[in-house]
Amino acid sequence: MGPVAEPPTHVIAIGASAGGLEALERFFDNVPARSGLAFVVVQHLSSDHKSMMGELLSRHTAMPVRTAHDGAAPEPDTVWLIPPGADLVMEGGVLRLLDRRPKPALHLPIDTFMESLASQRGERCVAVVLSGTGSDGTRGLRAVKEAGGYVIVQTPSSARFDGMPSSAVATGLADLILP
């Protein structure tokens with residue numbers, strides 16, 4: 001049996017929707033490959049289409065980019081992606097996949113993940129809200145902030161779609177607002 005990997009110092013939840021690929025590429029272009037952090041990217045993905053996100057993000061980071069699976073433990077210096085057709089939560093220190101709620105329920109996968117992360121990791125988590133329409137991520141970043149975590153929001157004027165960043169900024173809870 002090999003050595004047990006150290007858990008990440010922090011888990012970074014990154015929420016993105018419409019226009020999010022460009023923002024994610026810029027984000028990972030500027031993140032060091034060795035930081036001790038685990039990154040979990042949560043997007044609005046259709047279950048009808050195969051996601052190319054792993055291949056696309058791999059061009060912008062030296063970190064391994066993996067699709068989350070049920071029971072995966074976030075590892076340092078790794079990027080985890082929500083799979084199409086599922087919701088993702090953090091429970092008992094691992095990633096758990098949930099069946100997506102049936103329509104017409106409002107689907108807020110970013111809030112769902114960030115809220116679960118805040119309850120599990122407290123001050124050892126970060127919420128990042130990038131380009132997208134609507135307000136998904138706003139409730140989640142509030143939970144992260146209330147748990148003692150850190151909040152970063154994309155400057156609305158730099159986002160292709162400013163709905164999510166504008167909603168997040170309006171909370172007044174962002175620690176950093178960056179392009």
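This is a stop-by-stop tour of a predicted model, with a selection to make at each stop.

**Stop 1: the parallel sheet**

Select strands E3, E4, E2, E1, E7, E8 and E9. In that order they form an open sheet of seven strands, with parallel pairing. Look at the two edges. Strand E3 (65–67) and strand E9 (176–178) stand there, each with a single partner strand, so one side of each has no neighbour in the sheet. Now turn the view to follow the twist. From one strand to the next, the twist averages 20 degrees.

What pairs such strands? In general, strands of a sheet pair through backbone hydrogen bonds, in either the parallel or the antiparallel sense.

**Stop 2: E7, E8 and E9**

Stay in the sheet and select strand E8 (residues 150–154). Why is E8 described as largely enclosed by the rest of the structure? Four of the five residues of E8 are buried, so that description follows.

Add strand E7 (125–129). E7 and E8 run parallel and are joined by four bridges. For a marker, show Val126, which stands opposite Tyr150 in E8. Then move to the other partner. E8 pairs with E9 in the parallel sense over three bridges.

**Stop 3: Gln154**

Select Gln154, which has its place in strand E8. Across from Gln154 is Leu178 in E9. Is Gln154 buried or exposed? Gln154 has 3% relative accessibility, so this residue counts as buried.

Show the surroundings. Beyond its neighbours within four places in sequence, Gln154 is in contact with Ala23, Arg26, Val129, Leu130, Ser131, Ala159, Pro165, Ile177, Leu178 and Pro179. Next, run a distance line from C-alpha to C-alpha between Gln154 and Leu24. These two are 11 Å apart in space and 130 residues apart in sequence.

**Stop 4: helices H3 and H4**

Select helix H3 (residues 109–121) and helix H4 (residues 138–146). Their axes come within 7 Å and cross at roughly 10 degrees. H3 is therefore roughly parallel to H4.

Show the side chains at the contact. From H3 come Asp111, Met114, Glu115 and Ala118. From H4 come Thr138, Arg139, Gly140, Leu141, Ala143 and Val144. By class, the contact residues are five nonpolar, two polar and three charged.

A reminder on helix geometry helps here. An α-helix has 3.6 residues a turn, so residues three or four places apart point the same way.

Now colour H4 by burial. Thr138, Gly140, Leu141, Ala143 and Val144 are its buried residues. What do the buried residues of H4 pack against? Their partners are H3, E7, E8 and helix H5 (163–170). Step past the end of H4 to Gly148, where phi is positive, near 95 degrees.

Bring the sheet back with H3 still shown. H3 lies across strand E1 (10–16), E2 and E7, and runs at about 165 degrees to E1.

**Stop 5: the aromatic cluster**

Select Phe27, Phe28 and Phe39. Ring pairs link these three into a cluster. A search of the whole structure finds three aromatic pairs. Take Phe27 and Phe28 to begin with. Their ring centres are 5.1 Å apart and the planes stand at 85 degrees, so this pair is edge-to-face.

Phe28 is buried, with a relative accessible area of 1%. Phe28 also pairs edge-to-face with Phe39, at 5.6 Å centre to centre and 75 degrees between the planes. That pair links distant parts of the chain: Phe28 sits in helix H1 (residues 20–29) and Phe39 in strand E2 (residues 37–43), eleven residues apart. Phe28 and Phe39 are both buried.

**Stop 6: the E5–E6 hairpin**

Select strand E5 (residues 86–91) and strand E6 (residues 94–99). They pair in the antiparallel sense over six bridges. Show Asp87 and its bridge partner in E6, Leu98. E5 is mostly covered, with five of its six residues buried.

Zoom to the turn. Two residues lie between the strands, and Gly92 takes a positive phi near 60 degrees.

**Stop 7: Asp77**

Finish in the loop between E3 and strand E4 (78–81), where Asp77 lies. Asp77 is not a glycine, yet has a positive phi of about 60 degrees. With 13% relative accessibility, Asp77 counts as buried.

Methods
Residues are numbered from 1 along each chain as its sequence is written. This is a predicted model: local features need pLDDT of at least 70, side-chain atom pairs count only at pLDDT 80 or more; totals for chains, interfaces and linings use all residues. Side-chain values use heavy atoms; hydrogens and water are left out. Axes are lines fitted to C-alpha atoms, for helices over the stretch in contact, and angles run from 0 to 180 degrees between N-to-C directions. Angles under 35 degrees count as roughly parallel, over 145 as roughly antiparallel, 65 to 115 as roughly perpendicular and the rest as oblique. Contact means heavy atoms within 4.5 Å. Ala, Val, Leu, Ile, Met, Phe, Trp, Tyr, Cys and Pro count as nonpolar, Asp, Glu, Lys and Arg as charged, and the others, Gly among them, as polar. Rings of Phe, Tyr and Trp (its six-membered ring) pair if their centres lie within 6.5 Å; planes under 30 degrees apart count as stacked, over 60 as edge-to-face and the rest as tilted. Buried means under 20% relative accessible area, exposed over 50%, partly exposed in between (1.4 Å probe, protein chains only). Two strands pair if DSSP finds at least two bridges between them.
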